[in-house]
Amino acid sequence: MPPSAIPVQDGFIKFPYHGEIYQTYYKIFGDLEKRTRTPVVVLHGGPGLSHDYVLPLADLAEQGYPVIFYDQIGNARSTHLPDKPPTFWTIDLFLDELENLLEHFRIQDGYHIVGHSWGGMMSPEFVVRRHPPGLQRLVISDSPASIALWADSAKELISKFSDEVKEAFKKGFEDRERYWKARLEVYAVHGCRVKPFPQELEYSLLLIYGENADRTVDKAPVLDGWTIVERLRQVDVPTLVINGRYDIAQDFTTKPFADNIPGAKWITFEDSSHTPFWEERARYMKVVGDFLGE
């Protein structure tokens, strides 16, 4: 984490939506009021995880960027809504929450976004659907350009594991403990190769795979049939695409971003899988910090 001299604050934002008011939890590293560089908003993965596992990105505060994390609605410390119907959970819901956060902190006229996994799927949707004038630079990290590409990649990678792992994935939550153990075995190769496995990442994953986890968002059809491939030419902000050599988001899942977003740059971290901000932390921060500062 950044040195203790960097201020840290957290709290809750009111999020009005369709006549109800929800709460979005946030955590900020750095000083938004006295900032000298453009703030960075980090979008975590899932849907259904939390900001905890992407906290290494707080290192960017050492370079002068205020960094804003938040737990998306339905997840972790933000408002849980287990009684909402599946149709409630849409990409536009999460985009509305993001816009609400930007306006709350009065940064809507100038900010960067770093989106990881699902966050990197949500962020180009934000550009294409909302045309945000204040978004200056976008980092799409370890994300597929369609859910079909993601499924193909996961299927291919899991096929190389033992029959025990394959059977556990087949049964899924029918045997949660077995499924969790199998997922950790796969994650150790394609999710995060750091040993020991980061506690923050385990915490975030257990929000979906843990006993008594609230899987409302995870089970919702947010990404059913999702693809942005045909709309990527509408992404009109400078974009950096990142993945890892051993990533679940293999090259063929991220290539459409690099091929179709005008002027996009693509970097693969050779010693990383799905979380290069843990696995090659110093280099990741340099690459991202340099890109945001261009």
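F15, Y17, Y22, F88, W89, F94 and W118 come together in one aromatic cluster. The model in which this cluster appears is a predicted one. One member of the cluster, F88, also has a charged neighbour: the charged end of K84 sits over the F88 ring, 5.1 Å from the ring centre. A second arrangement of this kind involves R281, whose charged end sits over the ring of W278 at 5.7 Å from its centre.

Aromatic contacts recur elsewhere, and the structure holds 18 aromatic pairs. In one of them, the ring centres of Y26 and F105 are 5.0 Å apart and the ring planes meet at 80°; because an angle over 60 degrees counts as edge-to-face, the pair belongs to that class. Y26 is part of strand β2 (residues 20-29), whereas F105 belongs to the loop between α1 (91-104) and β5 (111-116), so the pair ties together parts that are 79 residues apart in sequence. Both Y26 and F105 are buried.

Attention now turns to the largest pocket, whose volume is about 890 Å³. Its lining comprises 38 residues, of which G46, W150, R183, Y187 and Y209 are the closest to the pocket centre. Several helices contribute: α2 (118-130), α3, α5 (176-190), α6 (199-209) and α7 (216-219) each supply at least two lining residues. Helix α3 gives the most, with five residues. In chemical character, the lining divides into 26 nonpolar, seven polar and five charged residues.

Helix α3 spans residues 147-158 and includes A148. With a relative accessibility of 45%, A148 counts as partly exposed, because this value falls between the limits of 20% for buried and 50% for exposed. The C-alpha atom of A148 is separated by 7.7 Å from that of W226, a residue 78 positions away along the chain.

The backbone also deserves inspection. Most residues other than glycine have a negative phi, and most peptide bonds are trans. G46, one of the residues closest to the centre of the largest pocket, is joined to P47 by a cis peptide bond with omega near -5°. P47 is located in the loop between β3 (40-43) and β4 (67-71). Another cis peptide bond connects K195 and P196, with omega about -5°, and P196 lies in the loop between α5 and α6.

Positive phi values occur at two non-glycine residues discussed here. H131 has a phi of about 45° and is found in the loop between α2 and β6 (135-141). For D142, phi is near 60°, and this residue lies in the loop between β6 and α3. D142 has a relative accessible area of 0% and is therefore buried.

Definitions and conventions: Residues numbered from 1 in each chain as written. Predicted model: local features only at pLDDT ≥ 70, side-chain atom pairs only at ≥ 80, totals over all residues. Heavy atoms only, no water. Helix = DSSP H or I, 4+ residues; strand = E, 2+ residues; numbered from the N terminus. Buried < 20%, exposed > 50% of the residue type's maximum accessible area, 1.4 Å probe, protein only. Phe/Tyr/Trp six-rings, centres within 6.5 Å; stacked < 30°, edge-to-face > 60°. Lys NZ or Arg CZ within 6 Å of the ring centre and 35° of its normal. 1 Å grid on protein atoms, 1.4 Å probe; cavity = no way out; pocket = protein on both sides within 12 Å on 5 of 7 lines; lining within 4 Å. Points joined across faces, edges and corners; volume = space filled by probe spheres on them. Nonpolar A, V, L, I, M, F, W, Y, C, P; charged D, E, K, R; others polar.
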